[in-house]
Amino acid sequence: MAEEEINEDYPSEIHEYLSAFENSIGAIDDMLKTMMSVSRNELLQKLDPLEQAKVDLVSAYTLNSMFWVYLATQGVNPQEHPVKQELERIRVYMNRVKEITDKKNAAKLDKGAASRFVKNALWEPKPKNASKVASKGKSKK
């Protein structure tokens, strides 16, 4: 990076930030090309419905985030633009999908096994009459 020629149109302090931004844009471009090389139908056929929802949500969030950046570069405050509400709406759905995934991966309780375990683990006192009756019966014989 030190060998790159610094453009004098902007302050040298932000050169590293702009270089990192340019590299990020290049990475996004590569990912989009990869994603666009496979048809959406082919991709979704290989996934279960929950995974399909994740792909759709990430795609929508990425697209709206890129539009947010575009607005910022054009001098428009994205905080006051409807894209903010759209990003929030997508974020809510992403949280719902995460909750569903967490519930799906959570440990399941086998109620029958749990009740047998508890029943067998509990101590049951013997009736007082049962011990006296048993001892009386033995001593008389």
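## Where H3 meets H4

In this predicted model, helices H3 and H4 share a contact with a good list of residues on each side. H3 brings Leu50, Ala53, Lys54, Leu57, Val58, Ala60, Tyr61, Asn64, Ser65, Phe67, Trp68 and Leu71. Facing them from H4 are Val83, Lys84, Glu86, Leu87, Ile90, Arg91, Tyr93, Met94, Val97, Ile100, Thr101 and Lys104. Sorted by character, the residues of this contact comprise 16 nonpolar, 3 polar and 5 charged.

## How the two helices are arranged

Two packed helices are described by the angle between their axes and by the distance between those axes. Here, H3 covers residues 49-73 and H4 covers residues 83-105. Their axes come within 10 Å of each other, crossing at roughly 155 degrees. Angles over 145 degrees count as roughly antiparallel, so H3 and H4 are roughly antiparallel to each other. If you turn the model to look at the pair, the crossing you will find is left-handed.

## The fold around the pair

What else does the protein contain besides this pair? There are 6 helices and 0 strands in the protein, and following the sequence gives the pattern α-α-α-α-α-α.

Some whole-protein numbers fill in the picture. Of the 141 residues, 9% are buried. The protein exposes about 12,500 Å², and 58% of that comes from carbon and sulfur atoms. As for contacts between residues at least 6 apart in sequence, 45% join residues at least 24 apart.

Definitions and conventions. Residues are numbered from 1 along each chain as its sequence is written. This is a predicted model: local features need pLDDT of at least 70, side-chain atom pairs count only at pLDDT 80 or more; totals for chains, interfaces and linings use all residues. Side-chain values use heavy atoms; hydrogens and water are left out. Axes are lines fitted to C-alpha atoms, for helices over the stretch in contact, and angles run from 0 to 180 degrees between N-to-C directions. Helices (H or I, at least four residues) and strands (E, at least two) are DSSP runs, numbered from the N terminus. Angles under 35 degrees count as roughly parallel, over 145 as roughly antiparallel, 65 to 115 as roughly perpendicular and the rest as oblique. A crossing is left-handed if the near helix is turned anticlockwise from the far one by less than a right angle, and right-handed if clockwise. Contact means heavy atoms within 4.5 Å. Ala, Val, Leu, Ile, Met, Phe, Trp, Tyr, Cys and Pro count as nonpolar, Asp, Glu, Lys and Arg as charged, and the others, Gly among them, as polar. Buried means under 20% relative accessible area, exposed over 50%, partly exposed in between (1.4 Å probe, protein chains only). Accessible areas come from the Shrake-Rupley method with a 1.4 Å probe; for residues, only the protein chains shown count as cover.
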